[in-house]
Amino acid sequence: MGIPHETILGTDVYGPGTFIDKEVLPVPEDSKRVFGFLASQTPGFTQDQAAWDTVCFEGQPNPVIPGPIKSGVTAAALHAMAGLVGNELLELRDGNPVTNSSVTVDTDHAALWLGSVFTTHIDGMDLSGWLKSGKLNSLFPRDYERGVFQGIAGRTTAIFQTKDPKVWYQLHGSLDAAKTLESMGIDSSVKFDKPREYYDYIQKHILQWSPDELEMHNMRYGLCGSICYSPEGWRKTEMGKTLNMHPLVSFEEQRYAKPTPAVPLVKNPSDRRPLAGIKVLEMVRIIAGPQIGVTLASYGADVIRVNCSRLVDLNALQLVLNAGKRTIDLDITKPEDMARIYELLSDVDIFIQGFRMESLKRKGLGLHDLLEIAAKRNKGIVYVDENAYGPDGPFHARPGWQQIGDAASGSSYVMGRSQGYEEGKSILPPLPVSDMVTGLVGALAAMMAVRDRAVKGGSYHVTSSLVAADSISLDEQVGLYPINVVEHTARRLSFPDTSPDQYVSEVLVSVVQGWKKALPGYLDEDSKLMTTFEDGFWGRQTIMKPVARLGEEKSTPMWTSPPVPHCHHDRLSTWF
């Protein structure tokens with residue numbers, strides 16, 4: 001894979017700790033290069049050059065995502081890695097080499113996949129049409145948002161200037177903006193006519209706080225938020241140094257646990273996908289955690305998603321992130337519901353949790369609790385933690401969402417510099433990159449753990465981090481696009497500038513609109529990138545296909561059932 005790569009320091013362009021490509025490679029060629037870099041840096045991933053050579057990247061040469069960060073390239077490389085592990089699983093299961101062990105990744109598909117949560121069609125109308133019609137919420141049997149993103153709450157999660165004019169801060173209302181605001185002495189009951197007025201009202205208060213005061217306040221009260229670091233600034237923090245000690249794709253055998261035997265992969269004549277027969281239980285919300293499960297489902301896993309109907313979530317995400325899953329309503333505060341969860345855990349292969357690190361430990365669903373279950377049943381388990389800051393370090397148990405990954409890693413800072421803003425003024429990346437990449441990385445690591453469990457047994461712990469998912473695309477070995485490429489991409493795809501007050505969905509909608517204009521047909525129902533379910537819960541529904549394509553068509557990732565709402569199925573206590 002040894003494609004030469006040279007960068008120059010981008011301090012005067014994108015800020016300290018940034019690196020700009022001296023030569024801009026076509027996206028497929030660059031994806032192949034970054035694949036080689038990531039593959040070589042991932043413990044447990046094959047280092048067989050012949051296996052790497054089975055990977056093919058195709059697509060147009062120019063980037064299709066706003067800004068200098070090569071998130072589409074990184075995503076393409078990681079999808080290829082997942083496809084390669086998928087072929088390893090097939091060979092392991094079948095006991096002989098796969099007839100056609102190739103992996104193909106369309107780099108345009110990989111880039112658009114980063115915005116795929118907003119690209120569905122229902123009964124002939126795309127999501128933007130449903131939004132414009134004002135009828136989107138009529139699609140959902142239950143309103144999981146319950147107004148928590150309206151009014152001042154809709155502008156609490158935004159980037160604000162602090163008392164230090166060169167340091168901006170990502171405030172986050174989490175799913176209870178009033179708690180965040182009231183803790184800071186900001187009246188959450190005020191009413192204004194325009195969203196910008198709410199932002200300006202909060203900004204007036206935040207200007208009274210230094211960035212360190214905001215950090216200490218949020219740490220003290222267990223709230224969500226982050227300084228918008230430069231890439232260099234983040235790497236110099238103790239948490240940045242700690243996180244950097246771990247590989248992006250991180251899974252470890254829990255050797256201290258009671259040994260359990262190898263668990264052979266089971267052939268299923270009716271399902272040739274690599275993870276057919278693997279059982280997954282996920283307890284997650286929003287995007288990153290569900291993306292782990294929906295990726296595993298595309299590779300054939302039987303995924304049951306547990307939601308609690310009293311908890312807040314984003315309504316629209318059900319339309320895509322529940323593809324290939326069954327969903328049930330269980331409340332872990334109720335003994336009878338916990339009993340059903342333990343019934344499911346008695347035969348689960350992969351458990352995914354997306355709440356604050358170690359929070360489920362207090363409910364008896366921590367890593368060591370499930371290792372005990374694995375020991376009693378004499379069958380190892382793969383425990384997946386999706387969190388903000390990684391497996392350890394001073395911040396590892398802090399709450400975090402996509403925007404926290406963006407702010408802490410330096411991504412928001414770099415995006416602000418790329419639009420010519422003054423020092424420190426930061427904006428969100430154009431897509432939920434940290435969420436989507438965190439989900440993909442978690443799924444890839446879980447697949448590698450299943451592979452190893454099939455060979456040598458044992459239980460495994462996976463950690464997939466939002467900050468790490470952002471940081472990888474800021475690495476010197478990945479590089480950033482020069483400013484002339486950024487400007488050309490923005491003109492070519494009609495991307496508007498963005499501002500610190502915007503919420504991720506607003507930025508995402510504008511990017512999707514740019515794709516529709518500049519890439520005609522890519523997101524249509526009959527696009528080669530899309531798949532349609534004729535008779536799903538929501539009627540005729542089209543969603544974006546999985547990205548990686550394996551050489552054997554029957555084994556290639558796909559969903560065999562359409563998305564369903566949260567809490568859709570009866571209170572399941574058994575697997576298929």
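The following exercises, each with a worked solution, concern a predicted model of a protein chain.

**Exercise 1. Overall form**

Task: Determine whether the radius of gyration of the protein chain agrees or disagrees with that of a compact globule, and describe the extent of the chain.

Solution:
1. The chain has 576 residues, and a compact globule of that length would have a radius of gyration near 25 Å.
2. The radius of gyration of the protein chain is 22 Å, which agrees with that expectation.
3. Along its principal axes, the C-alpha trace spans about 60 × 55 × 50 Å.
4. The fold of the protein chain includes 22 helices and 19 strands.

**Exercise 2. Interior, contacts and surface**

Task: State what share of the residues is buried, what share of the contacts joins residues 24 or more positions apart, and what the surface consists of.

Solution:
1. Of the 576 residues in the protein chain, 63% are buried.
2. Among contacts with a separation of 6 or more, 77% link residues 24 or more positions apart.
3. The exposed area of the protein chain is about 21600 Å², and 51% of it is supplied by carbon and sulfur atoms.
4. The chain carries 57 positive and 69 negative charges, and the mean positions of these two sets are 3 Å apart.

**Exercise 3. Two helices of 24 residues**

Task: For helix 19 and then for helix 4, compare the end-to-end distance with the expected span, and decide whether the helix is mostly covered or mostly open.

Solution:
1. Helix 19 comprises residues 433-456; at 1.5 Å a residue, its 24 residues should span 34 Å.
2. The end C-alpha atoms of helix 19 are 34 Å apart, in agreement with that value.
3. Helix 19 is mostly covered, with 22 of its 24 residues buried.
4. Just after helix 19 comes Gly 457, whose phi is positive at about 75°.
5. Helix 4, which has 24 residues, reaches 35 Å from its first C-alpha to its last, close to the expected 34 Å.
6. Because 21 of its 24 residues are buried, helix 4 is largely enclosed by the rest of the structure.
7. Just after helix 4, Gly 95 has a positive phi of about 80°.

**Exercise 4. Ser 31 and Ile 69**

Task: Locate Ser 31 and Ile 69, classify each as buried or exposed, and list the residues that each touches beyond four places in sequence.

Solution:
1. Ser 31 belongs to helix 2 (residues 27-40).
2. The relative accessibility of Ser 31 is 0%, so Ser 31 counts as buried.
3. Beyond its neighbours within four places in sequence, Ser 31 contacts Phe 57, Val 73, Ala 76, Ala 77 and Thr 107.
4. Ile 69 sits in the loop between strand 3 (55-58) and helix 4 (71-94).
5. Ile 69 has a relative accessible area of 10%, and is therefore buried.
6. When residues up to four places away are not counted, Ile 69 touches Ser 411, Val 414, Met 415, Ser 473, Leu 474 and Leu 480.
7. Met 436 is 367 residues from Ile 69 in sequence, yet their C-alpha atoms are 15 Å apart in space.

**Exercise 5. Positive phi outside glycine**

Task: Characterise the backbone angle, position and accessibility of Asn 378 and Ser 494.

Solution:
1. Most residues other than glycine have a negative phi.
2. Asn 378 has a positive phi, near 60°.
3. Asn 378 is placed in the loop between helix 16 (367-377) and strand 15 (382-387).
4. With a relative accessible area of 40%, Asn 378 is partly exposed.
5. Ser 494 has a positive phi, near 55°.
6. The loop between helix 21 (483-492) and helix 22 (504-518) holds Ser 494.
7. Ser 494 is partly exposed, at 48% relative accessibility.

**Exercise 6. Arg 235 and Met 338**

Task: Describe the surroundings of Arg 235 and Met 338, and classify each by its relative accessibility.

Solution:
1. Arg 235 is part of helix 11 (residues 231-236).
2. The relative accessibility of Arg 235 is 34%, so Arg 235 counts as partly exposed.
3. Outside four places in sequence, the contacts of Arg 235 are Gly 17, Phe 19, Gly 240, Lys 241, Leu 474 and Asp 475.
4. Arg 235 and Leu 275 are 40 residues apart along the chain, and 37 Å separates their C-alpha atoms.
5. Met 338 is part of helix 15 (residues 335-345).
6. Met 338 counts as buried because its relative accessibility is 10%, and buried means under 20%.
7. Outside four places in sequence, Met 338 contacts Ile 332, Lys 363 and Leu 365.
8. Met 338 and Asp 48 are 290 residues apart along the chain, with 44 Å between their C-alpha atoms.

Key:
Residues numbered from 1 in each chain as written. Predicted model: local features only at pLDDT ≥ 70, side-chain atom pairs only at ≥ 80, totals over all residues. Heavy atoms only, no water. Helix = DSSP H or I, 4+ residues; strand = E, 2+ residues; numbered from the N terminus. Rg over C-alpha atoms; globule rule 2.2 N^0.38 Å. Buried < 20%, exposed > 50% of the residue type's maximum accessible area, 1.4 Å probe, protein only. Contact = heavy atoms within 4.5 Å. Areas by Shrake-Rupley, 256 points an atom, 1.4 Å probe, with all protein chains shown as cover. Lys, Arg positive; Asp, Glu negative; His and termini not counted. Charge placed at Lys NZ, Arg CZ, Asp CG, Glu CD. Expected span 1.5 Å × (residues − 1).
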